[in-house]
Amino acid sequence: MPIVHIPPLMRDLTEGRAQVEVPGRTVRAAIEALEKVYPGIRGRLCSGNRLAPTVAVAVDGRLSRLGLYQPVNDNSQVRFLPAIEGG
Amino acid sequence: MKEKLNSTCSQDYAIVGSRATRVDAVEKVTGRARFGADASVPGALVGRVLRSPHAHARILSIDTSRAEALPGVHAVVTSVDLPEVPPDAVELEKPARDRVLASDKILFVGHPVAAVAARTPAIADQAISLIDVAYEELPPVLDVLESMEPGAPILHESLRTQSLGGSGDVPTNVASHFREVKGDPDAGFAAADVVIEREFRSAMVHQGYIEPHAATAVWADDNALTIYTTTQGSFAVRDHLVELLKLPMSKVRVIPMEVGGAFGGKNSSFIDTVTALLARKARRPVRVVMSRQETFLGTGPSSGTVIRVKMGATKDGKLTGAQATLFYEAGAYPGSPVGSGAHVMFGPYDIPNGSIEGYDVLVNRPKVDSYRAPGGTPACFAVESVINELADTLGIDPLDFRMRNSVRNGTEAIDGTVHHDIGAIECLEAARAHPHYTAPLEGPHRGRGVAHAFWGNWGARSSVTITVNPDGTVALVTASIDITGTRTTTAMQAAEILGIPLDRVKVTVGDTDAIGYADVSAGSRTTVATGHAAIRAAHDVIHKMRERAAQVWGIDVDSVSYADASFRAAGDPDKVLSFEALAALLPDTGNTVIGVANVDIQDWGVSFGTHIADVEVDPETGKVTLLRYTVVQDVGKAINPVQVEGQLQGGATQGIGWALFEGYDYNDQGQMRNANLLDYKLPTALDLPPIDTVLVEVPYPGHPFGARGVGEVPIMPPPAAIAEAIYHAVGARVTTLPMTPAHILEALGVL
């Protein structure tokens, strides 16, 4: 199952756990699975049907523009980061 | 599309890699290029914007009657002229609407309040002066740390801090807060032999593009809007207009003009909506061109910052821990590049333990926008200054220190991203081998410094079509605005695939009705992503022309090959058609051939840059003279080396300006004292030595030619390289940007 790395500021919701293994084929599915175990996480990561504007997601070490739609596989490492931009 | 895309990174090419003349060069140097203010629309009125003289105020009333009564005035607009929105959307849409025209509150000097359209500039200026606005002045907050303190004036009563630690529950100026941790920072510092901790400040700066924003709006009788504008993204402008004016996309056509500099500052739309509102109300075309003062006050400069950095290393020069706290000005609305700054600041280094914390903070200044490596330059200044001080303290060569700690393929960064196919070490080695690094530097008060930087670049969405003309020339249309010469690099990549000379490719930037979608030309993405699109479109052309040749010869398409600009039938040497010859047959064999590609590039290469600076400092006046400057950068495969060199020199020049000259100077009422190019000093050719460039070509295999973005990383190293050179010249460490003579004399203890 994908492993979601919990950002430090959110570990109060996960009883201090830094990594959580959850089922899911997309980032969205992984967040929904997290929400079932640790309610409140989705509200911090998402804004409506998208990632919150200040949040980006990296899957297997690469930043993804697909956001919630980014596919993940059984070995994926999922991390949530501050969003970045270009000029 | 049937052709296989080969990653042919290390090969020599016929066109890619050549020093080609830019396709837009002649028009620009002869003055024939048409920029935003050159849009020629018969009957266009002159538009002007009334802007607030106060940094923080409530609007009590706006009376436009005297302006409306002035002969020659055709329209006056305020926020009430924006389309109504449903009650449940009012709060959500208020920030975007208030940035166009303030409804109830002023948040910065220069905040638009009203606008007029008149027959002549003089009448428009007079009309502006006749608009009566009653303000209730409020105390402004201008400093990023003061804005976070309890009791600071609050810009938005409804704002709560967004944080992965939860949402705040009191009114605040802190829009967001994040923290990333890797390993155990405290243990890391405990293991260090030397720990350096410093605080750095940088002033708000402007992108300094020569061409101010300009827009001309025309409405048709069927409520269709056409807008000519200067922008980095015509589709971004279209999306902005559609959202604010509540129009279907098919009713908005954005025609991009040539851009006279942008650097991130034209990602956002500042006057397009108000121009459209004026034109609709006046029932005449309207042109609005910003003045230089308006450009400083009413667009999106880059954040002023406070950054605290603490780093520890062993006596052998191995980094054991790093910590940073970043406070970035967002301006009047949320959205500073603090996340980007955090992402790149420790990017060049493999540090086992670290943490980064960032705050996005509102102040009564213009909302900030992107500026070439947004957020990166002040963060790089802070980290590289501490790295240099660590190397000095330990007596280790500064480039050796960096190499001992450099990221390599497979290194995991503090934020969890993993590096691959990078040129960090190659860059550092090339800098160390450069003659500048070991050249004698004789004379009093002279010093040398280095700095190194990382930028992530970007991919995203681009569209290209290639139409084959009957004479064998091709018309390439791209959706990507050309702010850096990307029409040329796009054409070069298409010509290489097609096997035809570059001058047989005519490139046009299409408007939003003419071509598929493109994201803004920003993030060092265009040569890479639009290049991908051009390559795929060219392959699509070849595939379709192979089908046509097969049709002409009456054979299977799999028997037709294409090489050396000719189509050949397998096993029949008499059946050969050049690209030109087959093009001539297209009109009579089923019409022309158009290759199409719409891409969303998810895989792109990152960049590293190393700079070397020599300075001389006058210890009596604090004046810094730049003696010699070298830029080394891994640029992937340089599609056009001339243009890449230009990007390195241009980026370094802007970084030098950021280091030594530039900064918004406010009085305590939030009024900018230097909103002109005499007092806000941009570097000129008189301030700079020739800038040497070294292109380290580490190809990125995710691009067919190995290209990677180049435009942003070169702005980041100059402040730290120059600060270190100043230290070696006169023994003072300057931690405030710009490093003006006054700041240098303060650091020397003279002032």
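Below is a short chat about one sheet and some helices in chain B of a predicted model.

User: What are the ground rules for this predicted model?
Analyst: Local features need pLDDT of at least 70 and side-chain atom pairs count only at pLDDT 80 or more, while totals for chains, interfaces and linings use all residues. Residues are numbered from 1 along each chain as its sequence is written, with chains lettered from A and ligands numbered from 1 in the order in which they are written.

User: What makes β26(B) and β27(B) a pair?
Analyst: Strands are DSSP E runs of at least two residues, helices H or I runs of at least four, both numbered from the N terminus. Pairing takes at least two DSSP bridges, and β26 (607-617) and β27 (624-634) of chain B have nine, in the antiparallel sense. B:Val615, for one, has B:Leu626 as its bridge partner.

User: Why are β18 and β28 of chain B said to stand at the edges?
Analyst: The open, mixed sheet runs β18-β26-β27-β28 in chain B. β18 and β28 each have a single partner strand, so one side of each lacks a neighbour in the sheet.

User: Why is α15(B) called largely enclosed?
Analyst: Buried means 20 or more other C-beta atoms within 10 Å of a residue's own, C-beta atoms being placed from the backbone (exposed: 12 or fewer; partly exposed: in between). In α15(B), 22 of the 28 residues are buried, so the rest of the structure largely encloses that helix.

User: How do you know that the span of α15(B) is close to the expected one?
Analyst: The expected span is 1.5 Å times one less than the residue count. For α15(B), residues 526-553, that is 40 Å, and the first and last C-alpha are 39 Å apart.
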